[in-house]
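Me: Could you take a close look at one part of this structure with me, strand by strand? I would like a connected walk through it, and then a look at how the rest is put together.

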Amino acid sequence: MVAKGDFTVTVSKKEVVAAVLPLQEHWLPQSNLDLLLPAIDVGVFFCYKKPAAAADNINKSFGFGSMVDVLKKAMAEALVSYYALAGEVVYNDVGEPELLCNNRGVDFVEAYANVELKDLNLYNPDDTIEGKLVAKKKKNGVLSVQATELKCGGIVVACTFDHRIADAYSTDMFLVSWAEIAQSKPISVMPSFRRSMLNPRRPLCIDHEFDNMYVPISTLPPPPPPPHNNPQEANCNKLVSRIYYIKSEQLNELQLLATTGSNGRRTKLESFSAFLWKMVARSANDGMMITKMGIVVDGRTRLSISSNKGDHNNNNVNKSISCMAMGSYFGNVLSIPFGGQNVKELVEKPLSWVATQVHNFLENAVTKDHFLGLIDWVEAHKPDPALAKIYCTPSSDGPAFVVSSGQRFPVSKVDFGWGKPAFGSYHFPWGGDAGYVMPMPSPAGNGDWVVYMHLSEKQVDLIETQASNVFKPMAFDYLISGI
């Protein structure tokens, strides 16, 4: 038997998959909300069991070669509609990234791993996924794909996206379309690249509250020199990736503890985030007074809301069109509000109090005016690029992390014709000092969550020690029992 992380991956083929139809070369500018994202890549991967032979023998054709052919053929068709993913990121005269839609294509890697699916250490993606099953994206490319055949006949399909071009909503939209085309189904959502939907207002309406959330990069101090820590302390502060599952019963219990009669019912995301905030606060080093947590908010539904309550029939039609357009918008429509709280209070106060703090800093960010104001704020600071402040928090200031809800993650819909994934997850070891956590639905569809966590080793150790009843290390046995 191959040890959990002790396996090799052999690349057998590399090629570029372009759109099946020729495209007219053109430039696609980045929206103001795209410009808030640094040049970082996001990975996502899906694990499939060996297709079972059906009585009609149809599935017998699903060897690795035929599965790869299906993936590449469907990709070439999908890129006709998702042409942005086949382009290149280049910089304009003022240093802003833009997308050259030239049908350069998507880098597609075929590989073989001498490990069985049941032996993949999904709990520790640093050991088994990073650098092995998720391909590195070329510098100016937008998307790369790796299909890896497993020893057992299963397959891992992994993608790496440029976050400046696509947020998780956009990525999910593409993945579902790709799978639909592979099964000869029509695309359920046609992507929209209408950047005009995120144009700033004229005149601009600047809210200086955004100065507390975002910061022009030119105003940031130079990074501090590496700390002269001993090796043990340096390892404790090193960020690591882990994947857990949380049973639905535990989520319900957290929500119950986070809700009191006076504060109203808290969502599962608010309750989960509050619980995690308390855990991270407990891991703070002596002398650290504040810990910060941000939550990613998607603005599509907020920007679809009409500001005029007295709309006439024509305006109602326009509102409906706007709602549909934002629902299919491909790009980044994100904001990252955050809160900073005293470590001692977070540790000692009840979960319901912490959940109220989460609710309060989210409250003002889930509105149309918030996103319109953010678009205007970016416009006022152009061409100076800006960044969410929570990503710029030095680790010496106290722990900071971001929670991004992946509850729309369509793991069960990414079926290319040989069955639903046994497992799927995002993979985002982004390299900064702030941590990153994404809860997603379990492939079992039973209300459980899969949680990708990129935190410091010290924080992970404390969570596994003090919250082992909530966070269970991802294991193949759990996947088998839930499917």
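Reply: Happy to. Two strands are said to pair if DSSP finds at least two bridges between them. With that in hand, let us start with a sheet in this predicted model. The sheet is open, has 3 strands in the order 2-5-4, and its pairing is antiparallel. Its edges are strand 2, residues 26-29, and strand 4, residues 88-91, each of which pairs on one side only. From one strand to the next, the twist averages 40°.

What joins the strands of this sheet? Strand 5 covers residues 97-101 and is linked to strand 2 by 4 bridges, the two running antiparallel. On the other pairing, 4 bridges link strand 4 to strand 5, again in the antiparallel sense. A good place to rest your eye is Leu-99 of strand 5. Leu-99 is the bridge partner of Leu-28, and Leu-99 is also the bridge partner of Val-89. In general terms, such pairing works through backbone hydrogen bonds, and strands may lie parallel or antiparallel.

Now follow the chain from strand 4 into strand 5. These two make a hairpin with 5 residues between them. In the turn sits Gly-95, whose phi is positive at about 85°.

Leaving strand 2 the other way, the chain enters a loop that leads to strand 3, residues 41-48, and Asp-34 is found in that loop. Is Asp-34 buried or exposed? The cut-off for buried is a relative accessible area under 20%. Asp-34 has a relative accessible area of 1%, so it is buried. Setting aside neighbours within four places in sequence, the residues in contact with Asp-34 are Arg-164, Arg-195, Gly-331 and Asn-332.

With that first sheet in place, we can turn to another one. This second sheet is also open, but it has 7 strands in the order 14-11-16-18-19-10-20 and its pairing is mixed. Strand 14 (338-342) and strand 20 (472-473) are at the edges; each has a single partner strand, so one side of each has no neighbour in the sheet.

Both senses of pairing can be seen at strand 11. Strand 11 and strand 14 run antiparallel, joined by 5 bridges, and Lys-292 has Gly-340 of strand 14 as its bridge partner. Strand 11 and strand 16, by contrast, run parallel with 4 bridges between them. There, Gly-294 has Val-402 of strand 16 as its bridge partner. Further along the order, strand 18 (residues 435-441) and strand 19 (residues 449-456) pair antiparallel over 6 bridges. One of the residue pairs to find there is Met-438 with its bridge partner Tyr-452 in strand 19.

Which helix lies across these strands? Helix 6 lies across strand 10 (239-246), strand 11 (290-295), strand 14, strand 16 (400-403), strand 18 and strand 19. The angle of helix 6 to strand 11 is about 155°, and angles over 145 degrees count as roughly antiparallel.

Helix 6, residues 268-282, also meets helix 5, residues 248-258: their axes come within 8 Å and cross at roughly 85°. That crossing makes helix 5 roughly perpendicular to helix 6. On the helix 5 side the contact is made by Leu-251, Asn-252, Leu-254, Gln-255 and Ala-258, and on the helix 6 side by Lys-268, Ser-271, Phe-272 and Phe-275. By type, the residues of this contact divide into 5 nonpolar, 3 polar and 1 charged.

Another residue to pick out is Trp-353, in helix 10, residues 351-363. Its C-alpha atom is separated by 9.9 Å from that of Leu-257, although the two residues are 96 apart along the chain. With a relative accessibility of 22%, Trp-353 counts as partly exposed. Apart from neighbours within four places in sequence, Trp-353 is in contact with Gln-341, Glu-345 and Leu-346.

Finally, a step back to the whole chain. It holds 13 helices and 20 strands, and 54% of its 483 residues count as buried. Of the contacts between residues at least 6 apart in sequence, 81% join residues at least 24 apart. The chain exposes about 21,200 Å², with carbon and sulfur atoms supplying 53% of that area.

Note on methods. Residues are numbered from 1 along each chain as its sequence is written. This is a predicted model: local features need pLDDT of at least 70, side-chain atom pairs count only at pLDDT 80 or more; totals for chains, interfaces and linings use all residues. Side-chain values use heavy atoms; hydrogens and water are left out. Axes are lines fitted to C-alpha atoms, for helices over the stretch in contact, and angles run from 0 to 180 degrees between N-to-C directions. Angles under 35 degrees count as roughly parallel, over 145 as roughly antiparallel, 65 to 115 as roughly perpendicular and the rest as oblique. Contact means heavy atoms within 4.5 Å. Ala, Val, Leu, Ile, Met, Phe, Trp, Tyr, Cys and Pro count as nonpolar, Asp, Glu, Lys and Arg as charged, and the others, Gly among them, as polar. Buried means under 20% relative accessible area, exposed over 50%, partly exposed in between (1.4 Å probe, protein chains only). Accessible areas come from the Shrake-Rupley method with a 1.4 Å probe; for residues, only the protein chains shown count as cover.
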